[in-house]
Amino acid sequence: MEQTFDVLIAGAGYAGAVCARSLAEGGKRVLVLERRGHVGGNAYDCPDEAGVLIHQYGPHIFHTNDSRVFAWLSRFTQWRDYQHRVVADIPDEKGGRMRYPVPFNLTSLETAFGPEEGKRLGDKLIAAYGAEKKVTILELRQNPDSEISALADYVYEHVFVHYTMKQWGQKPEDIDPNTTARVPVFLSRDDRYFQDACQGMPLEGYTPMFQKMLDHPNIKVELGVDALERLDLSGDVLKVDGVPFEGEVIYTGQADELFRFQYGPLPYRTLDFRFETLEKDDFQGYGTVNYTVDQDYTRITEFKHLTGQVLPGKTTIVKEYSRAYGGILGEIPYYAIINPENNALYGQYKALADRFPNLHLLGRLAEYKYYNMDAIAGRALDLAETLLAK
Ligand SMILES: Cc1cc2nc3c(=O)[nH]c(=O)nc-3n(C[C@H](O)[C@H](O)[C@H](O)COP(=O)(O)OP(=O)(O)OC[C@H]3O[C@@H](n4cnc5c(N)ncnc54)[C@H](O)[C@@H]3O)c2cc1C
C-alpha cells in the first residue's frame, strides 16, 4: 500500500489531535487513526437522548496556568467562564446530611463545627500559618496544639480516607505514603476547586473544538480504525501496512497493548458511569458533589452546571463507581496505578518502544501516567516542535 503521509498518529484525544494539528501546520502530511467512532478521546462530549450535553467518559473541566496552551487551544474554541466548585456531602450527627466545600476551607470549618467554634479554629489556624495558605494535613498533624492536630484527623476521616479508598480500592498509605501528607486545608474562603488563572469550558463543547483542530488540509482522520492492525513492531524496523515506514509514529494508546501484553498487563482502575436524566431543572445545585464518607459511588456530576446549558425541565447527572480494570472488552483503563512495581513494568514496555527511533509514546495511556488536559496538550506541542526541528 502506498504511504501518502509523513506522520502516523494513533489516537485522536488531546495527545494525538494537538500533535496532528501542530505537525500539519509545520507542513507534514498526517494520518490519524482513531479506534473509536469519534474524536476527542476521553474529553469527548455529545448530547444525550434528552438533549443534555454530557461528557461520555466523565466530567472534564479545563483549567490551566499555562498561557501558551490556553492561547493555542483558544484558536479552536471560545470559552465559557466556569469556576468549578465541589462540595462534600456527608452524614451529620443529627441523622441528616451536611455539605461543605472541598478542598476543606474556612467555610467548611464553620459548617462542620458551627459558626462560632469554626471561626475560632479558623482564626487559630490563620495565626499559626497565615491567611490564604494551603496547609497539608501532615503539617497540621505535627502541630503541638492538640486542637490543630485533631482537625487534621477530622479532615482525613471525613474528606479523604473513604473517598480515596473508593477511588483506589486501597488505603491512601498503601498507594503512596506521601499522598496523605499532601492533602491540603485551604485557609481561605475561596471555595473554587481550582485556583488556576484560566478556567472554563469550551463554549460549544469539547468535540467541536477537536473537530476544528483536526480540520486541516494536511490531516486525514480515519475513525473506527485500530492502529494495531496497521502497525507492525515485530521486526527491527517499524512497518505500516506491511511496508517499512521511516516517518514518525506517535502512539497514544496503551503501551502494554502495543506490545501484545508480552510482559503482562499494566494495572489500571476503571470507572462505571451511570447516567440518569431527571425531569427537573436542577438536581444538586453544584457541578459536582463528592460523597466522601458513604455511598458506593464517589461523586455525582450534573452537566448543566458545567456547560451552562439552558434546558428547562430536564437535567442529566452521572454517578461514578470506581473498580479494578480487568482488561475485558468494552472496559476502559482510566487511571494508571502508579507505584514502583508498575512503573518498572511500564519501563519494560518503554524499552521495547525505544528500539524504534521513530516511535513516540505520548499521552496518559502510552506513558502510563495521569495528565490533566492542559499538561498533555503542552507535552504534545513540545513533541511536535521537536519533531519539526529534526
Ligand atoms: C474521569 C476523568 C475525569 C477527568 N477530568 C479532567 C478534568 O476535569 N480536567 C483535566 O484537565 N483533565 C481531566 N482528566 C484527564 C483527561 O482525560 C486527560 O488529560 C486526557 O484524556 C489525556 O488525553 P490523551 O490523548 O492522552 O488520552 P485519551 O483522551 O484517552 O485519548 C487516547 C485516544 O487514543 C485512542 N486509541 C487508543 N489505542 C488506539 C489504537 N490502538 N488505535 C487507534 N486509536 C487508539 C483512544 O480510543 C482514545 O480516543 C480526567 C480524566 C478522567 C479519567
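**Entry 1: the largest cavity**

I looked up the lining of the largest cavity in this predicted model and found P101, V102, P103, N105, F186, D190, D191, R192 and Q195. By class, I record four nonpolar, two polar and three charged residues in that lining. The volume of the largest cavity comes to about 30 Å³. I then asked how many cavities of 30 Å³ or more the structure holds. The count is one.

**Entry 2: backbone at P103 and R260**

Since P103 is listed in the cavity lining, I checked the backbone there. The peptide bond from V102 to P103 is cis, and its omega is near -5°. I placed P103 in the loop between β8 (97–102) and α3.

I also examined R260, a residue other than glycine with a positive phi, near 55°. R260 belongs to the loop between α10 (255–258) and β17 (268–278). I note for context that most residues other than glycine have a negative phi, and most peptide bonds are trans.

**Entry 3: the second largest pocket**

Next I turned to the second largest pocket, which holds about 220 Å³ of space. Which residues line this pocket? I list P91, D92, E93, K94, M98, A112, F113, Y154 and H158. Two elements, α3 (106–113) and α6 (146–168), give two or more residues to the lining. I class the lining as five nonpolar, one polar and three charged residues.

**Entry 4: helix α1 against α9**

I followed helix α1 (residues 14–25) to helix α9 (residues 206–214) and found that their axes come within 8 Å and cross at roughly 35°. I then asked whether α1 passes α9 in a left-handed or a right-handed crossing. The crossing is left-handed. On the α1 side, the contact is made by Y14, A17, V18, A20 and R21. On the α9 side, I note Y206, M209, F210, K212, M213 and L214. The contact divides into nine nonpolar residues, two charged residues and no polar ones.

**Entry 5: helix α1 against α13**

I next looked at α1 with helix α13 (residues 373–389), where the helices pack at an angle of about 35° with their axes 8 Å apart. Here I record a right-handed crossing. From α1, the contact takes in Y14, A15, V18, C19, S22 and L23. From α13, it takes in M373, I376, A377, A380, L381, L383, A384, L387 and L388. I count 14 nonpolar residues, one polar residue and no charged residues in this contact.

Reading the two entries together, I note that Y14 and V18 are listed in the contact of α1 with α9, and that Y14 and V18 are also listed in the contact of α1 with α13.

**Entry 6: a three-stranded sheet**

I traced an open sheet of three strands, in the order β5-β11-β6, with antiparallel pairing. Which strands form the edges? They are β5 (62–64) and β6 (79–81), each of which pairs on one side only. From one strand to the next, the twist averages 40°.

I then looked at the join between β5 and strand β11 (residues 198–202): the two run antiparallel and three bridges connect them. Across this pairing, I found F62 opposite G200 in β11.

Note on methods:
Residues are numbered from 1 along each chain as its sequence is written. This is a predicted model: local features need pLDDT of at least 70, side-chain atom pairs count only at pLDDT 80 or more; totals for chains, interfaces and linings use all residues. Side-chain values use heavy atoms; hydrogens and water are left out. Axes are lines fitted to C-alpha atoms, for helices over the stretch in contact, and angles run from 0 to 180 degrees between N-to-C directions. Helices (H or I, at least four residues) and strands (E, at least two) are DSSP runs, numbered from the N terminus. A crossing is left-handed if the near helix is turned anticlockwise from the far one by less than a right angle, and right-handed if clockwise. Contact means heavy atoms within 4.5 Å. Ala, Val, Leu, Ile, Met, Phe, Trp, Tyr, Cys and Pro count as nonpolar, Asp, Glu, Lys and Arg as charged, and the others, Gly among them, as polar. On a 1 Å grid over the protein atoms alone, a cavity is a set of points where a 1.4 Å probe fits but cannot get out, and a pocket is an open set with protein on both sides within 12 Å along at least five of seven lines; lining residues have an atom within 4 Å of a point. Grid points are joined across faces, edges and corners, and a volume is the space filled by probe spheres set on the points. Two strands pair if DSSP finds at least two bridges between them.
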